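Visitor: I am new to protein structures and would like a close look at one part of this one. Could you walk me through a sheet and its surroundings, and then show me where two chains meet?

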Amino acid sequence: MTSDATVTNGHTKHESSSKKEWIRLNVGGTTFLTTKQTLCKDPHSFLCRICHDEQLIDSMRDSTGAFLIDRDPNYFSPVLNYLRHGKLIIDKNLLEEGVLAEAEFYQISSLVRLLKIRLKEKDDSSQGNKRTQ
Amino acid sequence: MTSDATVTNGHTKHESSSKKEWIRLNVGGTTFLTTKQTLCKDPHSFLCRICHDEQLIDSMRDSTGAFLIDRDPNYFSPVLNYLRHGKLIIDKNLLEEGVLAEAEFYQISSLVRLLKIRLKEKDDSSQGNKRTQ
Amino acid sequence: MTSDATVTNGHTKHESSSKKEWIRLNVGGTTFLTTKQTLCKDPHSFLCRICHDEQLIDSMRDSTGAFLIDRDPNYFSPVLNYLRHGKLIIDKNLLEEGVLAEAEFYQISSLVRLLKIRLKEKDDSSQGNKRTQ
Amino acid sequence: MTSDATVTNGHTKHESSSKKEWIRLNVGGTTFLTTKQTLCKDPHSFLCRICHDEQLIDSMRDSTGAFLIDRDPNYFSPVLNYLRHGKLIIDKNLLEEGVLAEAEFYQISSLVRLLKIRLKEKDDSSQGNKRTQ
Amino acid sequence: MTSDATVTNGHTKHESSSKKEWIRLNVGGTTFLTTKQTLCKDPHSFLCRICHDEQLIDSMRDSTGAFLIDRDPNYFSPVLNYLRHGKLIIDKNLLEEGVLAEAEFYQISSLVRLLKIRLKEKDDSSQGNKRTQ
């Protein structure tokens with residue numbers, strides 16, 4: 001996953017900013033704004049497929065044209081941010097298990113793997129704590 | 001509770017996406033977007049009944065057509081997510097007791113059972129801690 | 001405080017759903033949706049009085065007809081939920097002291113009592129911890 | 001700072017409710033609703049001055065008439081609540097330092113003093129902990 | 001970074017309030033309101049460049065005229081507040097790593113440095129804890 005920004009001669013430019021194709025998602029009642037480029041970071045994901053299947057899009061938009069998705073909006077944020085910058089950042093009040101449920105739904109396999117590793121590490125460490133207590 | 005997604009020949013498809021019937025709920029002033037399929041995961045719940053009782057719906061919609069429910073929106077999220085993916089994920093800043101109050105109001109018996117078990121386990125473990133201190 | 005739902009012959013019904021009188025409150029800029037039945041659970045509260053004093057209502061509505069209240073919206077949620085289901089559920093990121101300030105403003109005496117008991121218990125227990133340290 | 005409510009002969013009345021002058025603030029993109037009476041609890045504050053300087057107001061309103069303020073909305077809430085009920089209630093996920101930055105910006109001297117005392121107490125107590133460790 | 005407010009003869013004035021140029025940003029679906037003066041506190045940042053490159057602005061506005069940015073809104077708040085008052089205030093439920101990702105995207109070098117120092121201190125201190133355990 002590469003950065004959106006390139007630095008040239010002291011001037012920095014967000015390269016493809018003018019070429020971006022914006023897409024709005026209505027996830028469980030909350031509107032998210034992003035680009036097709038972001039949603040297609042993983043070309044096999046459900047999010048990338050909705051960018052390309054025009055027929056699918058037509059039947060699933062709300063009155064404002066946003067694409068309808070029947071999932072939780074709060075747990076969608078870390079998924080979308082992962083696609084944006086390639087890092088897994090989970091707010092302290094959210095649970096890894098909840099992000100995993102979304103990563104599986106959206107079929108982003110690298111994120112599913114990352115979350116399963118993190119959950120396993122947490123589990124191992126809590127087992128370790130129990131043993132040493 | 002089965003997944004919304006099926007995998008066929010390397011291509012994954014969110015099966016019933018084009019056939020979904022979308023419904024908007026105005027829960028205590030916050031709008032949630034979901035489908036009748038999700039709300040009827042438990043056919044005996046209050047949420048499923050409002051999908052089928054057209055007369056009831058007519059008398060309880062707001063000006064935008066969303067169905068009115070006089071309950072807390074934050075505590076509705078884990079209930080709706082449970083219907084969406086079958087997992088009980090409660091944000092760290094919310095209380096199990098609050099989700100139970102909603103599960104009972106919406107009459108989702110499997111979720112009520114799950115929450116009572118979880119609350120009993122927590123209670124047992126805190127009793128255990130007290131005894132060993 | 002009784003439940004909104006009655007169970008008859010295996011079919012459960014949210015009794016007064018069609019007879020509900022909906023009311024919108026604009027609390028500090030956030031819109032809440034509820035019913036006069038909920039707001040009048042405590043007939044001596046400020047919230048019940050605004051349902052009945054039509055003259056008062058006329059002079060304090062916003063352009064969408066919502067009743068204006070100059071208070072914090074986040075701390076109003078546990079107060080409104082208490083009227084909805086009779087339980088005191090305070091999110092982990094909120095403070096009891098803040099809910100008490102609202103309960104006093106809205107003049108819900110049973111909730112004020114409940115919060116004062118809870119704050120006293122917390123105080124006693126933290127005193128106890130200090131003594132045993 | 002006195003309460004908004006007076007109790008007379010068993011009937012309680014929110015005294016000046018019909019005389020309130022409502023004002024909307026657009027703080028960093030989020031709309032807050034309050035009254036001039038609340039904003040002028042501290043007559044020397046920036047918030048009170050914007051209520052009286054009509055010329056200033058004209059040049060800084062958004063299209064809906066809300067007064068524009070280029071500050072964070074989440075950290076404005078405890079400041080506004082302090083003006084409403086005279087208590088300093090800071091949600092557990094916010095930092096005292098952030099509320100102080102806002103109190104200084106809005107020039108509410110009693111709140112600045114209160115926050116500096118609280119931060120000093122916290123600092124002393126953490127110093128004390130370090131010494132006794 | 002200097003304050004927005006100057007005090008003269010007992011009367012305090014928010015100096016440039018009438019000269020402010022307001023700008024709306026649509027960050028990932030959430031609208032933020034701020035000024036060009038704030039966005040240009042760091043003249044080399046991406047946020048300042050969007051204020052000056054009119055051509056760029058034209059191709060990236062939403063229907064309400066807000067400038068479109070494909071990033072997380074919650075993690076944008078501490079970045080914008082840093083530009084507003086020069087302090088780094090990170091809510092307890094957010095992660096430093098997430099703010100760093102945004103500071104890098106928006107190319108605010110002083111904030112990137114500040115965050116890297118803070119993350120290094122945290123890392124050193126957790127290493128120290130491990131050694132002394």
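**The sheet in chain E**

Guide: Happily! In this predicted model, three strands of chain E form an open sheet with mixed pairing, in the order E4-E3-E5. The edge positions belong to strand E4 (30-35) and strand E5 (67-69) of chain E; each has a single partner strand, so one side of each is left without a neighbour in the sheet. On average, neighbouring strands here are turned by 30° against each other, direction ignored.

Now look at how two of the strands are joined. Strand E3 (residues 22-27) of chain E and E5(E) run parallel, with three bridges between them. To find a matching pair of residues, pick out Asn26(E), which stands opposite Leu68(E) in E5(E). As a general point, strands of a sheet pair through backbone hydrogen bonds, either parallel or antiparallel. Next, find helix H4 (residues 76-85) of chain E: this helix lies across E3 and E4 of chain E and runs at about 5° to E4(E).

Let us move on to the meeting of two chains. Here 24 residues of chain A are in contact with 25 residues of chain E. The two chains, A and E, bury about 2100 Å² between them, with 53% of it on carbon and sulfur atoms. Two salt bridges are found across this interface; in a salt bridge at 4.0 Å, N to O, the side chains of Lys87(A) and Glu104(E) meet. There are also 11 residue pairs in polar contact between chain A and chain E. On the side of chain A that touches chain E, the largest share, five residues, comes from E4(A). By class, that side has six nonpolar, 12 polar and six charged residues.

How values were computed. Residues numbered from 1 in each chain as written. Chains lettered and ligands numbered in written order. Predicted model: local features only at pLDDT ≥ 70, side-chain atom pairs only at ≥ 80, totals over all residues. Heavy atoms only, no water. Pairing = 2+ DSSP bridges. Helix = DSSP H or I, 4+ residues; strand = E, 2+ residues; numbered from the N terminus. Axes fitted to C-alpha atoms, helices over the stretch in contact; angles between N-to-C directions. Contact = heavy atoms within 4.5 Å. Buried area = accessible area lost by both parts, 1.4 Å probe. Polar contact = N/O pair within 3.5 Å; in protein donor to acceptor, adjacent residues only side chain to side chain. Nonpolar A, V, L, I, M, F, W, Y, C, P; charged D, E, K, R; others polar.
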